[in-house]
Amino acid sequence: MMTEEVETNIQIEIASEAVAESADLIIEIKDLWRKFFENTPAEVLALRGVNFRVQKGEFITIMGPSGSGKSTLLTILGCMATATSGQVFIDGTEITQLNQRKLSDIRKNKIGFVFQDIFLIDTISALDNVLLPLLPYGIGKEDRERAKELLKIAGLEDRMHHKPTELSGGQKQRVAICRALINNPPIVLADEPTGNLDSQTGAEVLSLLQRINQEKGITILAVSHDPKLAEYSTRDVMITDGEITRDRINPFRD
Amino acid sequence: MKVGKVTWFAFKNAFRRKIVAILAIVGISIAITMQVTINAFTTGMDETFNDIFGELVGTFQVQEKNTPFTYASQLPANITETIRNFENSSLIETVATEQVLPSTVNNYTDILGTTVFGSPMGMNVRGIENLDDFSKIYSELEELTEESRTFEYNQDECIIPYALYENNSEVFDIGKTFSIKINSTHTYDLEIVGITAAEIGGIQQSIMVTGYDIYVPINVTNNVLAELLRNDTLNYMYHYTPFGLDPNHFGIENPNIVAIRTTIENSEKVNDYIDDLMAYLGEQYPEMEFSALSLASALETMDDLMATQNIVITVVTIVIIISGSMGVIIAQLVGVEGRSKEFAILKATGWKESHIIYSVIIESVTLGVAGSLVGVVLSFMSIKGLERLMASTAAGGMPFIPVITPAIFFTAIAIAVGIGILGGLYPGIRASSVKPMEVLQGS
């Protein structure tokens, strides 16, 4: 038992030191707490003083049992939930005190989301689904070109004008990833991106995430139960009971 | 926000959930059908009243006071000129002077039958002083049949109404001559040169329904009166003595009635104007008393009725907007609940709450406008159906024609937009408040 704790602490230190050495931080979390049902008998501590740093271009897998706090962490990072206390910096901007409008701007400009529940709009083409986030802000010719390029990277060059009903589950998730990237976000947050996919299509999706991480330098944080995801990431983090209990660099990834 | 793109996206989205869209459209179309139909009927009624009476608001007739029949009214021979010298005569468009014969001088009751009231049908021989002025007030002589022409002055010619020709064409037709019977021994021949197709002849017909109007130049009535006074003591005694008319001065040069059209469009102001004119005429002819006959008072009452009717329509419209909005709210709430993932994605990818609210409102407005268009079509069909139904009944048709005017159409569209905005606002707020992670975590 004692040996395991020492080992974990060493792993956390190794990863943190590696990040600390770099000034190129894109996410920094300081003493982040999130309580639910605060000051009631049912109070739940979803996050307990989490400290966490992410360097630009990392592909991090966040793992942990159900209820461990990993999704809560992702929600706060995604500017879609508030923290009870602590600080969260996204690309240098502290987000915990921002209003909804500014949070929406952060979501639009800094973060792309990939969800377990893919959800594409069935009545429009894959290309239009990718462009959907840009709709209220205007879609230019260069946006369309970028969307096509993303679909090409995702291996959907010949499927871009098909409607979602004509695509397989894996193809849909790849469209969803392209949609997450259309705003050119420096960060992609993925919540169980392979949760609804079989192993083969899941592997295709993970390869795509790995490719955009490597080729475009996009930082990826993926929450998953799937241990295979860790194989594609550069670093994996374990959260247990609202605390980071393991944070290690993947020595096997290229 | 790029309004056009989001609007187009929302417009297409409105029909994605077909059942919800159909339910919303059906609900709105029923409400709009009611609203448009009621409006079409009341507008038709308004227009009919306006057609009949509207142009008569500023028109009135002047005659001698306390004369129960038009022909017993003896106006000064120069009354037209006097009226034109009235200080407010700039508001007068036309003065049309007439000399009317008593109906019994043309005893055609055997041929003509009875009036709708059961009394013997007679003829109102109307001697027109100036045809142009007459036509500016009365429309009858502007609707002559093809073979017709207007009468010539100083000729014994006349124009008859179509109903008289239709019922008695063997006697009354163009080119034929018929005689006015002054008494048992004297007649006066008139050649028919025209037939008017007009059914209702202005204020005169609106007020007096005593028989067929025969239009003649004033020289004809002058001549008949001269003959009457010279030869027909009995008729004279019967017709004129009871009204205190002097046989030595009465009739030949004096008109019986003057119709005046003013530019005044407000019935209250017309009444004021009439009062002023009566006072002026009283000053000019101190020995005489005048009375005026106008529809202004009746129209004032009608205006009040129309105002009440407009209040009812407004209340109905408000009820329709509220009930329609409730329908759209329910339909949209169902739709929004089922689309929480979509809104979650949109929100997660950078759509602002305002974008989502706007999008949902546009969807509602689209459904509202679609329902409104269907409602207008249904209303049109139901009006036509009612018209057919009425035509097949004893009434033989509607007393007025319901009309869907552009104003009614655009009001329906405006109501639909109102329903859409009201009905979409709350569901839009609900949609925009969705929490993406809660909805999309899935597991």
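Two strands pair if DSSP finds at least two bridges between them. The structure described here is a predicted model.

In chain A, an open sheet is built from four strands. Their order is E2-E1-E4-E5, and the pairing is antiparallel. Strand E2 (44-55) and strand E5 (93-94) of chain A lie at the edges of this sheet. Each has a single partner strand, so one side of each is left without a neighbour in the sheet. Strand E1 of chain A covers residues 25-36. Eight bridges join E1(A) to E2(A) in the antiparallel sense. Within this pair, A:Ile29 of chain A faces a residue of E2(A), namely A:Phe52, which stands opposite.

Chain A also holds helix H2, residues 70-77. This helix is mostly covered, with eight of its eight residues buried. Among the buried residues of H2(A) are A:Lys70, A:Ser71 and A:Thr72. A:Leu73, A:Leu74 and A:Ile76 are buried too. Just after H2(A) comes A:Cys79, with a positive phi of about 60 degrees.

In chain B, strand E1 (residues 59-64) pairs with E9(B). The sense is antiparallel, and the pairing runs over five bridges. B:Val62 has B:Ala292 in E9(B) as its bridge partner. In a regular strand the side chains alternate between the two faces of the sheet. Strand E9 of chain B (residues 290-294) shows such alternation. B:Phe290, B:Ala292 and B:Ser294 point to one face and are buried. B:Ser291 and B:Leu293 point to the other face and are not buried. B:Ala292, the bridge partner of B:Val62, thus belongs to the buried face of E9(B).

Technical notes
Residues numbered from 1 in each chain as written. Chains lettered and ligands numbered in written order. Predicted model: local features only at pLDDT ≥ 70, side-chain atom pairs only at ≥ 80, totals over all residues. Buried ≥ 20, exposed ≤ 12 C-beta atoms within 10 Å, placed from the backbone. Helix = DSSP H or I, 4+ residues; strand = E, 2+ residues; numbered from the N terminus.
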